[in-house]
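Look at the sequence and the 3D structure shown here before reading on. The report takes the strands, the charged pairs and one helix in turn.

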Amino acid sequence: MKKGLRILCLLLILVIITGCVGGKKNITFKGKKLNATFEILNLRSHKLSNNINDTMSNRERAVIIGSNYKIGIEEDTSISYDKYKGDFNKLSDNFKDQKDYKKVTYNGIDGFQKYYIGYNRYEVYLNVNDKVSLKLNIYADEGKKVKDIYYSDEMQDILNSVVIKVK
């Protein structure tokens with residue numbers, strides 16, 4: 001009987017540690033020009049908020065609130081300005097001299113990242129089309145370093161899960 005109880009306890013611990021109980025959940029931002037879906041471990045207490053009081057800037061339309069960070073979501077239309085004429089490479093080149101600028105690809109979607117000191121955040125621009133790009137603003141909660149949050153496995157997994165559907 002004791003051996004059976006031990007095995008049951010061991011299996012329960014194993015299931016909890018591996019995350020089989022929680023699995024993953026999808027959080028979907030529904031914008032005017034696009035929808036963006038992110039896959040997040042169900043064991044984490046994340047939520048999508050459209051409340052203006054939860055966002056960090058007036059351009060963000062929603063925010064994913066995580067355990068020690070926020071991901072602000074914008075439908076960035078600056079690519080459609082006359083200066084860029086719908087060319088994502090021109091938009092990207094405009095930020096080449098910014099801190100931590102680097103071209104990135106998340107879930108097959110090309111883009112670029114940069115650090116914006118004014119808001120203490122990492123910004124990720126993902127190419128959607130010649131009218132809009134998905135801009136994600138990553139913030140760290142007080143007492144955390146935004147660079148550590150941005151480069152964490154958890155954040156990179158979230159960014160690598162993004163699926164964008166144009167409306």
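What follows is a description of selected features of this predicted model.

## A sheet of three strands

One open sheet is made of three strands in the order 1-2-10, with antiparallel pairing. Strand 1 (24–30) and strand 10 (163–166) stand at the edges and have a single partner strand each, so one side of each lacks a neighbour in the sheet. Neighbouring strands of this sheet are turned by 20 degrees against each other on average, with direction ignored.

Strand 1 and strand 2 are antiparallel and pair over seven bridges. Together, strand 1 and strand 2 form a hairpin, and three residues lie between them. As an example of the pairing, Lys24 stands opposite Leu41 in strand 2. Strand 2 (residues 34–41) is also joined to strand 10, by four bridges, and these two strands run antiparallel. Here Asn35 stands opposite Lys165 in strand 10.

## Strands 3, 4 and 5

Strand 3 (residues 47–49) and strand 4 run antiparallel and are joined by three bridges. Ser49 has Val63 in strand 4 as its bridge partner. Strand 4 also pairs with strand 5 (residues 69–76), in the antiparallel sense and over four bridges. In this pairing, Ile64 has Ile71 in strand 5 as its bridge partner. Strand 4 and strand 5 form a hairpin with three residues between them.

Which way do the residues of strand 4 (residues 62–65) point? Ala62 and Ile64 point one way, Val63 and Ile65 point the other way, and all are buried. A general rule applies to such patterns: in a regular strand the side chains alternate between the two faces of the sheet.

## Charged pairs

Side chains of opposite charge can pair when their charged atoms come close. How many salt bridges does a search of the whole structure find? The search finds eight. Three of the pairs are listed below.

| Salt bridge | N to O distance |
|---|---|
| Glu39 and Lys24 | 3.5 Å |
| Lys114 and Glu123 | 2.7 Å |
| Glu123 and Lys135 | 3.6 Å |

The salt bridge between Glu39 and Lys24 links distant parts of the chain, with Glu39 in strand 2 and Lys24 in strand 1, 15 residues apart. Are these two residues buried or exposed? Glu39 has a relative accessibility of 35%, so Glu39 counts as partly exposed. Lys24 has a relative accessibility of 55%, so Lys24 counts as exposed.

Glu123 takes part in a salt bridge with Lys114 and in another with Lys135. The pair of Glu123 and Lys135 links distant parts of the chain: Glu123 is in strand 8 (residues 121–127) and Lys135 is in strand 9 (residues 133–140), 12 residues apart. Lys114 counts as buried because its relative accessibility is 2%. Glu123 is buried as well, with a relative accessible area of 2%. Lys135, at 6% relative accessibility, also counts as buried. The cut-off behind these three statements is that buried means under 20% relative accessible area.

These residues belong to a wider group. Glu60, Glu74, Lys114, Arg121, Glu123 and Lys135 are linked in a network of salt bridges.

## Ser133 in strand 9

Strand 9 also holds Ser133. Ser133 has a relative accessibility of 0% and therefore counts as buried. Which residues is Ser133 in contact with, leaving aside its neighbours within four places in sequence? The contacts of Ser133 are Glu74, Glu75, Asp76, Phe88, Leu91, Tyr125, Leu126 and Val128. One of these, Glu74, is part of the network of salt bridges described above.

## Helix 4 and its two sides

Helix 4 (residues 153–160) has the buried residues Met155, Gln156, Ile158 and Leu159. Seen down the axis of helix 4, the buried residues fall within an arc of 160 degrees, so they line one face of the helix. On the other side of helix 4, Asp153 and Asp157 are exposed.

What covers the buried residues of helix 4? The cover includes strand 2, strand 5, strand 6 (102–106), strand 9 and helix 3 (146–150). Among these elements, strand 2 is a member of the sheet with the order 1-2-10, and strand 5 is the hairpin partner of strand 4.

Definitions and conventions: Residues numbered from 1 in each chain as written. Predicted model: local features only at pLDDT ≥ 70, side-chain atom pairs only at ≥ 80, totals over all residues. Heavy atoms only, no water. Pairing = 2+ DSSP bridges. Axes fitted to C-alpha atoms, helices over the stretch in contact; angles between N-to-C directions. Salt bridge = Lys/Arg side-chain N within 4 Å of Asp/Glu carboxyl O. Buried < 20%, exposed > 50% of the residue type's maximum accessible area, 1.4 Å probe, protein only. Contact = heavy atoms within 4.5 Å. Arc of directions from axis to C-beta.
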